[in-house]
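User: I would like a close look at one part of this model. Please start from a single residue and work outwards.

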Amino acid sequence: QQEFTMDFMINSMSFRQAVEIAADITSRKVKMNSLTCWAEAVTIEASKTGLTICGLGNNANIKVDLNPAKDGYICDKTGITTVMANDLANVMQSFVYPAPINIFTEHGYLKLISECDSKIFKTIRANKSVTHYPRLPDRYDQMVTIHRPHFIKGMQKVRFAMGEKQDYIPYHSTCIEVFENAIRFTAGSGSRFAVYRIGYSEPIITTPGKIKIIVPKLNVNNLLRVFQKINSPTLQVKYAKMHASTNVKEQITFQADNIVMALYGLEDFQSYPDVDKVLTHPHSYQICTSADDWRRVSNAIHLTNPEYIWTPRTQLTANLHQGYFEIEVNSDSSFRERIDFELESYVANTTQGKLHRPWVRFESSCLHEVAHKMYGAGRIHVCFEDQANLDAYIKNGSRTKSAILVRYPPQKLKDGSTETRTIFFGVSTAEFK
């Protein structure tokens, strides 16, 4: 076991960035298998070959490696110690960058001295205790390398849709699916889902089938903050099942540049709904409209009836004969708007003729999200079934419901890939007065 002493030199900017990344994870105490970690702390390990900073928190642990060639690291004395993460991060903000600093332990404290001026130094209480980290596996059950900026964008696009406290726990997550030529990000509450997909012209995986990884909501913000700041063009995502024989916990590992972040506590996130059942459903009504019109109507509803923005009683009626949607909001304030169809470019159930007016009812919050959360320019397709027919069917003692699906136009990105966005939500069976 290494001594509770260390002495090394390092670039102050490199060290600060590594500390801030680790501190982002160690935000609160967690308990895993009766092992309580040192709350809000980071462990620093100095060796001749490199410096490692580790942190544990939020059912995740993180390891940041610094090396002599890139970070100006020179080790005079190897050792290991633990300090409070936020204390160290705050201290590092007071140094001149990117000047080197000398860091060593002395009489139970970690001492940091600027090489620009030896009169400038800071001390932090250190601890001999070392945070024990769950073991990283030697092999993984699933592994894929993806475009890091696309990963960040996909997670950000659907983050708003993840389940809240009142929702089913498995929905407190984002599902990442990697196909041969695409990556799909899905998040939802059970009654509403957002889907973001990036397609590629070349295969990104060679294994048959697809790779599916579910990231708990608890870790999403940490994950984004850590990996959106780095320069690596790629991100390696790996999944390992629990292996009792090697004392390896079930985990998802993300790795890029000099950072490794592992997520645990995955017991409640073993499966995710098959959204393809909704995405591929041949809706009877698939009507093309302007995305800008939906934003205009959503803003009008909010300004006219702000207290009703979350009401479950907004009705959309399609006037197939004259070519427009009629929108009504069930509130004390009278509200009616219309959105014209685009160039009569719609697919419709023709068995009842154009005089028939199919309708659906849904939460106004969904209309707000269509306009603002997944918003994009151009035309969007609103796909649905006539709720008058849906309400007439009884299945297993409850009303059959069909999702309303809003599909945004594909967008070609500068790198040649293509993004598509979709949001779908269930109909509301609440009365409309």
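In which strand is Arg 184 found?

Analyst: Arg 184 is found in strand β14, residues 182-188 (strands are DSSP E runs of at least two residues, helices H or I runs of at least four, numbered from the N terminus). This is a predicted model, where local features need pLDDT of at least 70 and side-chain atom pairs pLDDT 80 or more, while totals for chains, interfaces and linings use all residues. Residues are numbered from 1 along each chain as its sequence is written, and side-chain values use heavy atoms, without hydrogens or water.

Arg 184 is buried, at 6% relative accessible area (buried is under 20%, with a 1.4 Å probe and protein chains only). Its side chain makes a polar contact of 2.8 Å with the side chain of Asp 276 (N or O atoms within 3.5 Å, one able to donate a hydrogen and the other to accept it). Beyond four places in sequence, Arg 184 also touches Cys 175, Ile 176, Glu 177, Phe 179, Val 195, Tyr 196, Arg 197, Val 275 and Leu 279 (heavy atoms within 4.5 Å).

Ile 176 leads on to a cavity. It lines the second largest one, with Val 144, Ile 146, Val 178, Ile 211, Ile 213 and Val 237 (a cavity is a set of 1 Å grid points where a 1.4 Å probe fits but cannot get out; lining residues have an atom within 4 Å of a point). Strands β12 (142-147), β13 (173-178) and β16 (211-216) each give two or more residues to that lining. Its volume is about 40 Å³ (the space filled by probe spheres set on the points). The largest cavity holds about 60 Å³. Its lining includes Trp 294, Phe 362 and Phe 425.

Methods: On a 1 Å grid over the protein atoms alone, a cavity is a set of points where a 1.4 Å probe fits but cannot get out, and a pocket is an open set with protein on both sides within 12 Å along at least five of seven lines; lining residues have an atom within 4 Å of a point. Buried means under 20% relative accessible area, exposed over 50%, partly exposed in between (1.4 Å probe, protein chains only).
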